[in-house]
Amino acid sequence: MKPVTACPVCGAAERRRVARVATTYSPRQRGLAYAYCCRCSLLYAEQVIDTAEGLYGAYVKPYEDLDEQDFLRDTTMRLQRHAYRVQWLEERLAAIGRRLVGAEALEIGARDGSLLALLKAKGWDTVGIDPMQRYASWAKRHHGVEIRDGYFRAGAFAG
C-alpha cells in the first residue's frame with residue numbers, strides 16, 4: 001500500500017480525515033482511512049494499491065470465475081451493506097457542511113455497481129470504474145449505472 005499525500009483530483013495537500021474504518025482484513029490501528037479534500041471536496045482513501053500485481057490480486061483474481069448468478073447473489077448482499085454505508089456517508093458529509101443534492105460520486109473498484117445504484121437513487125450523479133468488463137455490463141443491465149472498464153488512472157475522468 002502506498003500513502004496518498006495529496007488529493008488525487010486537484011493535488012491539494014490540505015485535507016481532513018473523516019473516518020478510519022476497521023475491517024476483518026485491516027484492524028483499527030491500520031484500518032482504511034478516508035480523507036476529505038478541503039479544496040475540491042473529494043472523499044478519498046489515504047492509501048492505495050500501487051502495483052499491477054497488487055491490483056490484479058485484489059480486484060481481478062478473486063472474481064474471475066464468478067458467473068452472473070454469483071454476481072446477482074453477491075449484489076443482493078452488497079445492497080444491504082451499502083444502504084448502511086450510504087447513510088453513514090450522508091451523515092459524515094452533512095457533519096462537515098456538504099450539501100448532498102446533486103453530489104457526484106466516482107467509485108474506483110465499483111464491482112457490481114450496487115453502491116452507485118443506491119447513490120443514484122438519492123439523486124447523485126454517478127460513474128464507476130472496475131477492471132472487470134463483465135461487471136460493467138452486468139451493472140448497467142441490472143442497476144442502470146455506468147461503470148467503465150479498466151484501472152483508474154490520473155486524468156481518466158478530467159473535464
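**Cysteines, salt bridges and packing in a predicted model**

Q: How far is the sulfur of Cys-40 from the closest cysteine sulfur, and which residue holds that one?

A: In this predicted model, the sulfur of Cys-40 is 3.6 Å from the closest cysteine sulfur, which belongs to Cys-7, and that is too far for a bond, because a disulfide needs the two sulfur atoms within 2.5 Å. Cys-40 itself is partly exposed, with a relative accessible area of 33%.

Q: And how many disulfides turn up in the whole structure?

A: A search of the whole structure finds zero disulfides. Cys-10, for instance, is in no disulfide, and the nearest cysteine sulfur to its own, that of Cys-37, is 3.6 Å away. As for its surroundings, Cys-10 is partly exposed, with a relative accessible area of 26%.

Q: OK, switching to charges: how many salt bridges are there?

A: The count comes to four salt bridges. One of them joins the side chains of Arg-17 and Glu-46, at 2.4 Å from N to O. This pair links distant parts of the chain, with Arg-17 in strand β2 (residues 15-21) and Glu-46 in the loop between β4 and β5, 29 residues apart.

Q: Is Glu-46 buried or exposed there?

A: Glu-46 counts as buried, because its relative accessibility is 8% and the cut-off for buried is under 20%. Its partner Arg-17 is partly exposed, with a relative accessible area of 48%.

Q: What is Glu-46 in contact with, leaving aside its neighbours within four places in sequence?

A: With those neighbours set aside, Glu-46 is in contact with Lys-2, Pro-3, Val-4, Arg-15, Arg-17, Ala-33, Tyr-34 and Ala-35. Arg-17, the salt-bridge partner of Glu-46, is therefore also among these contacts.

Q: Which residues form the salt bridge at 3.6 Å, and which the one at 3.0 Å?

A: The side chains of Arg-92 and Glu-91 meet at 3.6 Å, N to O, while the closest N and O atoms of Glu-146 and Arg-148 are 3.0 Å apart. Arg-92 is partly exposed at 31% relative accessibility, and Glu-91 is partly exposed at 42%. In the other pair, Glu-146 is partly exposed at 41%, and Arg-148 is partly exposed as well, with 35%.

Q: Let's go inside: which residues touch the most other members of the largest nonpolar core?

A: That core has 17 residues, and those touching the most other members are Leu-89, Ala-105, Leu-116, Leu-119, Trp-124, Val-145 and Ile-147. The helices α2 (68-95), α3 and α4 (133-143) each supply at least two residues of this core.

Q: What does Ala-105 touch, if I skip its neighbours within four places in sequence?

A: Ala-105 is then in contact with Leu-116, Leu-119, Trp-124, Asp-125, Thr-126 and Val-127. In strand β6 (residues 104-108), Ala-105 and Glu-107 make up the covered face, whereas Glu-104, Leu-106 and Ile-108 make up the uncovered one.

Q: Which strand does β6 pair with, and in what sense?

A: Strands β6 and β7 pair in the parallel sense, over five bridges. Thr-126, one of the contacts of Ala-105, is also the bridge partner of Ala-105 in β7.

Q: What do β6, α3 and β7 make together?

A: Together, β6, α3 and β7 make a β-α-β unit that is right-handed.

Q: Where does Leu-118 sit, and what is it in contact with apart from neighbours within four places in sequence?

A: Leu-118 has its place in helix α3 (residues 114-121), and with those neighbours set aside it is in contact with Leu-79, His-82, Ala-83 and Val-86. Leu-118 is partly exposed, with a relative accessible area of 23%. Leu-118 and Val-145 are 27 residues apart in sequence, and their C-alpha atoms lie 10.0 Å apart in space.

Q: Last one, on α4: which of its residues are buried, and what do they pack against?

A: In α4, Tyr-135, Ala-136, Trp-138 and Ala-139 are buried. The spacing fits a general rule: an α-helix has 3.6 residues a turn, so residues three or four places apart point the same way. The buried residues of α4 pack against α2, β7 (125-130) and β8 (147-149).

Q: And what follows α4?

A: Gly-144 follows α4, and the phi of Gly-144 is positive, near 70°.

Methods. Residues are numbered from 1 along each chain as its sequence is written. This is a predicted model: local features need pLDDT of at least 70, side-chain atom pairs count only at pLDDT 80 or more; totals for chains, interfaces and linings use all residues. Side-chain values use heavy atoms; hydrogens and water are left out. Buried means under 20% relative accessible area, exposed over 50%, partly exposed in between (1.4 Å probe, protein chains only). Contact means heavy atoms within 4.5 Å. A nonpolar core is a set of buried Ala, Val, Leu, Ile, Met, Phe, Trp, Tyr and Cys residues joined through side-chain atoms within 4.5 Å. Two strands pair if DSSP finds at least two bridges between them. A crossover is right-handed if, with the strands pointing away from the viewer, the path from the first strand over the helix to the second runs clockwise.
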